[in-house]
Amino acid sequence: MKVLVVDDSRAMRSLLRRILTRAGADEIQEAGDGREAVELLETGNVPDVALVDWNMPVMNGLELITTMRRRAEWRRVAIIMVTTESEQSQVVRALAAGAHEYLIKPFDEYSLIEKLEMLGFQAPASAGAGSGPALSGQKGIEP
Amino acid sequence: MTLLSTEEVAQLTQEIWSALLAPNGTPQLEVGGAAGHEFQALTNISGEWNGTVCVSCSRTAAMRATSVMFDIPESEVTTTDVVDAVGELVNVVGGNIKALLPGPTVLSLPNVLEGEPPVHMDNLELEQEVRFSWMAEPVVVSVWASNADD
Amino acid sequence: MSVAREEFVFVQQLVRQKSAIVLSDDKDYLVESRLGSLAHKLGMDDAGGLVCTLRSRRDPDLERQVVEALTTNETSWFRDRRPFDVLTNRVLPEMIKANSTTRRLRIWSAACASGQELYSIAMVLDEHFPELRQGWHVELLGTDLNEEMVRRASAGSFTTLEINRGLPASLMVRYFVHEGASWTAGPALRDRARFRSLNLAAPWEDLPRFDVIFLRNVLIYFDVTTKADILKRAARQLAPGGALFLGAAETPNGLCDDLAPVPVDGTVYYRAKKGEP
């Protein structure tokens, strides 16, 4: 799983990076705003998943999603909006713009892993979010 | 007019602390305690409701929060890191408070001040303030309403 | 008050015994923070007080809540996912066909905690079976021993942290209303869901027969005799052709002969072996 994390806070990116590593991400790229994300995408290294914050300088997350959905080669990227914007209308806007999933800050580690699973990315058993028969019913424990 | 109850602000702040700052083993945020303002992080809400949300705390609390969020020892924390981490905290607190206020509104990017006297909120009226204690260090969340359209 | 070493060891043993999960010695902070918020929910002072209560008397329900709070997916929506897929693709279409004359459907979430399981079932029904909205009696019952949990489940109000757990965003905006600091289940869910307290180990009074029973991740908290008894009674509580779902790691094997497994899509549910007595 290749992931692009777009958030203007380095602290948040660092936190997301740790969760993603535990969730089995092979490669994690970071961008501090939508413009930087577009520049990274332009290099041709297209991720499987993008975690996108909403409020960022230069180009915000909603603009980034709209831009990504206009480009055929970026359309397959699964997008999860990870933001403090929590009004119902905002969630609807993000989904309409092309986000697949939406995670409201604050969130706990497992909610992110579950969102990734919903989009078809299976975390390794040790990440502990998965359950059910695949893990012999063993529930994980927070690392 | 009270738009925000103490309980609401306390609950959402505690949730944010437990989600962003507890996984590494730091204890919960407790309600009650003194003021502290060595670091002040501000974000503005504008639109249907106008005002400012402020998270202020002692240097020790700010350093500790930064160390947890970046997962680095406090000795390695730089001021730039603190500004980033505390800015993200006010962003999350502000966003959650924004959802409790009349909308639609827009949240500004955070602004962090260090070592200044408590920001004097000209033309602003204190809407709500909750003081917390985080491992005996002060953390205060305050919400200021603009008088302009009241 | 923080959790003392001795209390931590007690919790560690409990979790190990009930879930086969080993909490390493450095997890005291986890016990502190998770049990702290559980204590808060249950109206107790803090984690220390909760552990104290736990040690003073045998309380399967409290034990369950403690173990669930310390394991990861206790309050997820669509927990374990697969039972809900099987419900949607297999069990409900069959039950709807079978009940087409009575036009009645009854589902029971037998250890509902704060209600995520029953509301998840309500979402499945509304999203995939809109035909049930007209002319059908759909009764969804959630029961829990703990009155406070029943109250919370009935209120149908969830915090941001809770709503984030495994609920697809499209369903969140469709079935929940963001009010104040919480997300509250809307009428499509609340009109069908009822909650009340019930002790699984005591006689079940006034319970109808159910087309579907979810009895998941709760049996492990009872001794073998009680477990067997609950399973037997659950089998009897099933309507003809009804389906019983157990937790992913649970089985009636060796405990109850009245249930026949129905393997489907990598998971399994159970039917009562004997027909209507």
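**Close-up views of chains A, B and C**

**View 1. Gly98(A), just after helix α4(A), has a positive phi of about 125°.** The model shown here and in the other views is predicted. Helix α4(A) covers residues 88-97, and its buried residues are Gln90(A), Val91(A), Ala94(A) and Leu95(A). Viewed down the helix axis, the buried residues of α4(A) fall within an arc of 135°, so they line one face of the helix. Ser89(A) and Ala96(A) are exposed, and they sit on the face turned away from the buried side of α4(A). The cover over the buried residues of α4(A) includes α3 (61-70), β4 (78-83) and β5 (101-104) of chain A. Chain C also takes part in this cover, through α9 (169-175).

**View 2. Helix α2(A), residues 34-42, has Gly34(A), Ala37(A) and Leu41(A) as buried residues.** These residues cover an arc of only 55° around the axis, which puts them on the same side of α2(A). Exposed residues on the other side of α2(A) are Glu39(A) and Glu42(A). The packing partners of the buried residues of α2(A) are β1 (2-6), β2 (27-31) and α3 of chain A. Gly44(A) follows just after α2(A) and takes a positive phi of about 95°.

**View 3. The contact between chain B and chain A involves 21 residues from chain B and 18 residues from chain A.** On the chain B side, α1 (6-21), α2 (59-70) and α3 (79-98) each supply at least two of the residues that touch chain A. Helix α3(B) gives the most to this side, with eight residues. By type, the residues of chain B that touch chain A are eleven nonpolar, six polar and four charged.

**View 4. The largest nonpolar core contains 151 residues.** The members that touch the most other members are Leu51(A), Ile79(A), Val86(B), Ile213(C), Leu215(C) and Leu244(C). Helix α3(B) gives the most to this core, with nine residues. With neighbours within four places in sequence left aside, Val86(B) is in contact with Phe39(B), Ala41(B), Val55(B), Ala62(B), Ala65(B) and Val112(B). A second core, separate from the largest, has 16 residues, including Val3(C), Phe8(C), Leu50(C) and Val51(C).

**View 5. Helix α2(C), residues 28-41, has 14 residues.** From its first C-alpha to its last, α2(C) reaches 20 Å, close to the 20 Å expected at 1.5 Å a residue. Buried residues in α2(C) are Asp28(C), Leu30(C), Val31(C), Glu32(C), Ser33(C), Arg34(C), Leu35(C), Gly36(C) and Ala39(C). Charged side chains are thus named among the buried positions, including Asp28(C), Glu32(C) and Arg34(C). Just after α2(C), Gly43(C) has a positive phi of about 80°.

**View 6. Chain C as a whole comprises eleven helices and ten strands.** The radius of gyration of chain C is 19 Å, close to the 19 Å that the globule rule gives for 277 residues, so chain C is as compact as a globular protein of that length. Along the principal axes, the C-alpha atoms of chain C fill a box of roughly 60 × 50 × 35 Å. Of the 277 residues in chain C, 47% are buried. Among contacts in chain C between residues at least 6 apart in sequence, 71% join residues at least 24 apart.

Definitions and conventions: Residues are numbered from 1 along each chain as its sequence is written. Chains are lettered from A and ligands numbered from 1 in the order in which they are written. This is a predicted model: local features need pLDDT of at least 70, side-chain atom pairs count only at pLDDT 80 or more; totals for chains, interfaces and linings use all residues. Helices (H or I, at least four residues) and strands (E, at least two) are DSSP runs, numbered from the N terminus. The expected span of a helix is 1.5 Å times one less than its number of residues. A residue is buried if 20 or more other C-beta atoms lie within 10 Å of its own, exposed if 12 or fewer, and partly exposed in between; C-beta atoms are placed from the backbone. Two residues are in contact if their C-beta atoms, placed from the backbone, lie within 7 Å. A nonpolar core is a set of buried Ala, Val, Leu, Ile, Met, Phe, Trp, Tyr and Cys residues joined through C-beta atoms within 7 Å. The radius of gyration is taken over C-alpha atoms; the globule rule is 2.2 Å times the number of residues to the power 0.38. The arc is that of the directions from the helix axis to the C-beta atoms.
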